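Q: Got a minute to go through this one with me? Let's put it on screen.

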Amino acid sequence: SIKRMQDSPRLLKGRQLQDGIDWLACLARPSSQPLRDILDQAMKECTEVHAWDPARIWIYRMSTASGFYMRRVKFHTKRDSTAKGPSLERNPRHKFMLWVREMPLPEFFHRMYIFNKVPRSIRLDMRCALVQKKVPQEMEKVWAPYLNSRSRFKHRYALKWRDCTRDFDYYTERRKWIDEYEYNRAREENEARAARGLPPKVAR
């Protein structure tokens, strides 16, 4: 119904796109499947057609609108005692519109490292990689600002202390974080190309 569709923009607006897909998948509600298909289609188009970074795709705006009604023929079974034979049903076709954007790297750094608002999908992937030993154990120290609530609290406390003691240079830290992020992205892409037998991508 249109009322249930209006609940989704309130809960998904401002979230990461992958978080929105996971949240709808956990609902286990058949009525949310069309919305999930729209989010999956948006993720596929952004990553494959526009080559966006999936970690930086955010839901910018969502809106719903009442649509037209379509008629379809329904055939009643013999068990149905109220009606026999075919009949016409009117089903609504409501509209659902989605706007997404790729968050710029400086804004992404500020949200992740300064505000420390880490998307659920990112921190779960980090914890799973550590538990399954897909990455070295030293990555636990590198990923400490993002793993859980306790480590994020310690990270924010350390940032406040460094800022109070004039030991924190925001722009130097941002440049270092962005360079490391872009290096990891390029390395991940080259590893994926090497697995398919393709040459590494030349950096411009």
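Q: How many helices and strands are there in the protein?
A: Eight helices and two strands. This is a predicted model.

Q: What pattern do they follow along the sequence?
A: The pattern reads α-α-α-β-β-α-α-α-α-α.

Q: And the radius of gyration, what is it?
A: The protein has 23 Å, where a compact globule of 204 residues would be near 17 Å. The C-alpha atoms fill a box of roughly 80 × 45 × 35 Å along the principal axes.

Q: Switching to packing. At what angle do the axes of α4 and α8 cross?
A: Roughly 105°. The axes of α4 (residues 105-114) and α8 (residues 170-195) come within 10 Å. Angles of 65 to 115 degrees count as roughly perpendicular, so α4 is roughly perpendicular to α8.

Q: Which residues make the contact?
A: On α4, they include Leu105, Phe108, Phe109 and Tyr113. On α8, Trp177, Ile178 and Tyr181 are among them. By class, the contact has 11 nonpolar, one polar and three charged residues.

Q: New topic, pockets. How much space lies in the largest pocket?
A: About 1200 Å³. The lining has 31 residues, and Met126, Trp143, Tyr181, Asn184 and Glu188 are the closest to the centre of the pocket.

Q: Which element gives the largest share of that lining?
A: Helix α8, with 10 residues. The elements that give two or more residues are α4, α5 (120-131), α6 (139-142) and α8.

Q: What classes of residue are in the lining of the largest pocket?
A: There are 17 nonpolar, four polar and 10 charged residues.

Methods:
Residues are numbered from 1 along each chain as its sequence is written. This is a predicted model: local features need pLDDT of at least 70, side-chain atom pairs count only at pLDDT 80 or more; totals for chains, interfaces and linings use all residues. Side-chain values use heavy atoms; hydrogens and water are left out. Axes are lines fitted to C-alpha atoms, for helices over the stretch in contact, and angles run from 0 to 180 degrees between N-to-C directions. Helices (H or I, at least four residues) and strands (E, at least two) are DSSP runs, numbered from the N terminus. Angles under 35 degrees count as roughly parallel, over 145 as roughly antiparallel, 65 to 115 as roughly perpendicular and the rest as oblique. Contact means heavy atoms within 4.5 Å. Ala, Val, Leu, Ile, Met, Phe, Trp, Tyr, Cys and Pro count as nonpolar, Asp, Glu, Lys and Arg as charged, and the others, Gly among them, as polar. On a 1 Å grid over the protein atoms alone, a cavity is a set of points where a 1.4 Å probe fits but cannot get out, and a pocket is an open set with protein on both sides within 12 Å along at least five of seven lines; lining residues have an atom within 4 Å of a point. Grid points are joined across faces, edges and corners, and a volume is the space filled by probe spheres set on the points. The radius of gyration is taken over C-alpha atoms; the globule rule is 2.2 Å times the number of residues to the power 0.38.
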